[in-house]
Amino acid sequence: MTSNNSALHPGSYLDQQGKYKGILGWLTSTDHKRIGILYLMCILVFFLVGVTLGGVMKLELLRPGEQYIDAQTYNGFFTVHGIIMIFMVVIPGLAAVFGNFFLPIMIGAKDVAFPRLNLFSWYIYIVGAAIAVLSQFGGKGAPDTGWTFYAPYSIDSNTNVTTAVLAAFVLGFSSILTGLNFIVTIHRMRAKGMTWFKMPLFPWSLYATAWIQVLATPIVGITLLMVIAERTFRIGFFDPSLGGDPILYQHLFWIYSHPAVYIMILPAMGVITEIIPTFCQRKVFGYQAIVLSSLAIAGVGYLVWGHHMFTSGMSDFSRMAFSFLTFIVAIPSAIKVFNWIATMYKGSIKINTTFLYSISFIFQFMIGGLTGLTLGALATNVHVHDTYYVVAHFHYIVFGGMGFAFFAAIHYWFPKMFGRMYNEKLGKIGWAIVFSGFTLLYFPMFILGLQGMPRRYFDYLPEYSGGHFISSIGAFVLITGIIIMVYNLFRSAKKGELAPANPWDGRTLEWTIPSPPPLENFDNEVVVTEHPYDYK
Amino acid sequence: MEHTANHEHRDDKGSKMGMWIFIFTELLLFGGLFLVYAVSRAKFFEDFHIAAHQLNVFVGAVNTIVLLVSSMTIAMSITAIQKNQKRVALMLLGITLTLAFVFMVNKYFEWGGKIHHQLYPGSDIVLTLKHGQVLFFGLYFFMTGLHAFHIIVGMALIGYVFFQIKNDKIKPDNFQLLENAGLYWHLVDLIWIFLFPLLYLIT
């Protein structure tokens, strides 16, 4: 992907550096840009594996009855699909790829605070991913608990649950170290003159995210260790037959795993906040409101985990408190949507692939967010709990939100990262197919869920066949769109037109340096005097 | 923890900040266990009371004193290096390492005794006990085990720092790595200060 680029302009980060050539030069480099690309490549591979598993599940669900895979295989598939997509794709996703690549550049630094620790985090990620892949083979078969590893089934299941849990633990470690690195980087390495409130909004969202990564991940770490200890030594923290409490497991799991949703979505919001002012050529509306809403989402998001457990057995008072706090999170999220729309108002909007992905992000995020309120309300939750409604809701947030923001980000920063432009026409065609496929795939799930289709079943009653059929067709449309998008990006990285330093007329610091950026990012020390979004 | 960055970049404050954030994560890691302890104790108050009598307060108290003194000696070694007293600093770190070793030896005999009496999770005897007692011994081994693992990591870190001082890599004007090792060691000490009363003293 990079071989042709070295001729672009000498001294870019893509040229050989250090004492090793080729692939070893990449694997030993502590350059934040190279580490970002390493994450991008790994995440792309795991994403495609996760998509394939999802595709097979949709193929199975095309018609009622057993088609291609049996129930146990299906259980393994949705578990592995979840583990890969959550722990290996969307949680590291934007922060590890674009955070690594652009955070130092956007704040005018030469690298992150701890470059070697940064490379070490990537290696931990790879080890964790390898263990996760390993858990799918050998032993007594792929784990079948779902990605949530709910006790006591995760303690009784004979499948490779221990390995899968260990993988999630190791991946969490990588996430913690990346968060730690970003916090110190943002505190200590901002360019001269870049006060906190002159910092661009993507770094701000990464800052809020990093605190969640650091403060929430250890809880799931210890919980997963306890599951491993239970399976290995029969300790019984969560096993009712030994006096343990399975509901306690759910609490501990969601104390992390709900904030993890904000680890995914906050950087996505940050990306969209960078893109919209650029393509509207307008100063972002309500800079401080966006900053504060990011911090508010991170803060309140820590306190809403109980809404995953409304039907598990909690006191009425806790249920009301968690429901109320869940509704509170909607406020800062809505503030962001208003800010994006207000930024577009009276702007000279340039509609290209990046912008199309961004506005479909807003559209889908709103559907995902509002259906989240249905789920957060106690009465409706009982009706739709563990149905396809939940599946549709979180795919609208995780894929329609974070996934589309990732696609927007890769198109937005592609010229900067690889020094070449992507094909706009093919990009737009890809977007149209991805967007229609997404809607066809996930929207019918809301209706199926309201009708009572439970999640995690490999078979269904005939009355659900219409919705499932449309949904499966949507899956194949979506996969076609993703293939077109990936093809376009790979081809453009080799053969695209050369990119200028600032193809979109952006105002943040990454657009002031050549594409692709030189090894040390900036030739001279950066001094910031203006606000990041001062469009004329 | 990484100490200095590449690119001839050195930032002692940043490095210390990174260590503090790492300490937050460690506290939350043990926090999860304390939560499980609190819930189980509230649920099985009597069983915890009976099971806790099996632990030897004397051994626990000795280990507490050992760790507290070792925390003092590593703090003193930081002062010594600031005053350019390399030999004193090395000696104090040596004492810290020895005390850590004493802690582990104590732990070995303590655990050994329990295992000898079949008081470990999953043993035939433990499985006949009441639920709360099973949980108590589970928590006892898990919490002190995880703590002992941190002692071992701390010993490796202090050993590394020892040689860095010996080779003049850590100097009076560049001792952040030593200070970070000290912070980590205080954390290990602090967690024990909570574990000791929770497991040994409250009966």
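User: Before we start, what does buried area stand for, and how much is buried between chain B and chain A?

Analyst: Buried area is the accessible area (1.4 Å probe) that two parts lose on being put together, summed over both. In this predicted model, carbon and sulfur atoms give 75% of that area between chain B and chain A. The contact draws on 39 residues from chain A and 37 residues from chain B. The buried area comes to about 3300 Å².

User: Thanks! Which side chains meet in a salt bridge between the two chains?

Analyst: Happy to help: the count between chain B and chain A is one salt bridge. Its N to O distance is 2.9 Å, and the side chains are those of Arg188(A) and Asp11(B).

User: And which element of chain B gives the most to the side that touches chain A?

Analyst: Two elements give two or more residues to that side of chain B: helix 1 (12-43) and helix 6 (131-166). The one that gives the most, with 17 residues, is helix 1 of chain B.

User: Let's turn to the rings. How is the aromatic pair of Phe414(A) and Phe418(A) arranged: stacked, edge-to-face or tilted?

Analyst: Both Phe414(A) and Phe418(A) are buried. They are separated by about one helical turn because they lie four residues apart in helix 14 (residues 388-418) of chain A. Their centres are 5.1 Å apart, with 50° between the planes. Stacked needs under 30 degrees and edge-to-face over 60, so this pair counts as tilted.

User: Nice. Which ring does the charged end of Arg34(A) sit over?

Analyst: The charged end of Arg34(A) lies 4.2 Å from the centre of that ring. The ring belongs to Trp26(A).

Notes
Residues are numbered from 1 along each chain as its sequence is written. Chains are lettered from A and ligands numbered from 1 in the order in which they are written. This is a predicted model: local features need pLDDT of at least 70, side-chain atom pairs count only at pLDDT 80 or more; totals for chains, interfaces and linings use all residues. Side-chain values use heavy atoms; hydrogens and water are left out. Rings of Phe, Tyr and Trp (its six-membered ring) pair if their centres lie within 6.5 Å; planes under 30 degrees apart count as stacked, over 60 as edge-to-face and the rest as tilted. Buried means under 20% relative accessible area, exposed over 50%, partly exposed in between (1.4 Å probe, protein chains only). A charge sits over a ring if NZ of Lys or CZ of Arg is within 6 Å of the ring centre and within 35 degrees of the ring normal. Contact means heavy atoms within 4.5 Å. A salt bridge is a side-chain nitrogen of Lys or Arg within 4 Å of a carboxyl oxygen of Asp or Glu.
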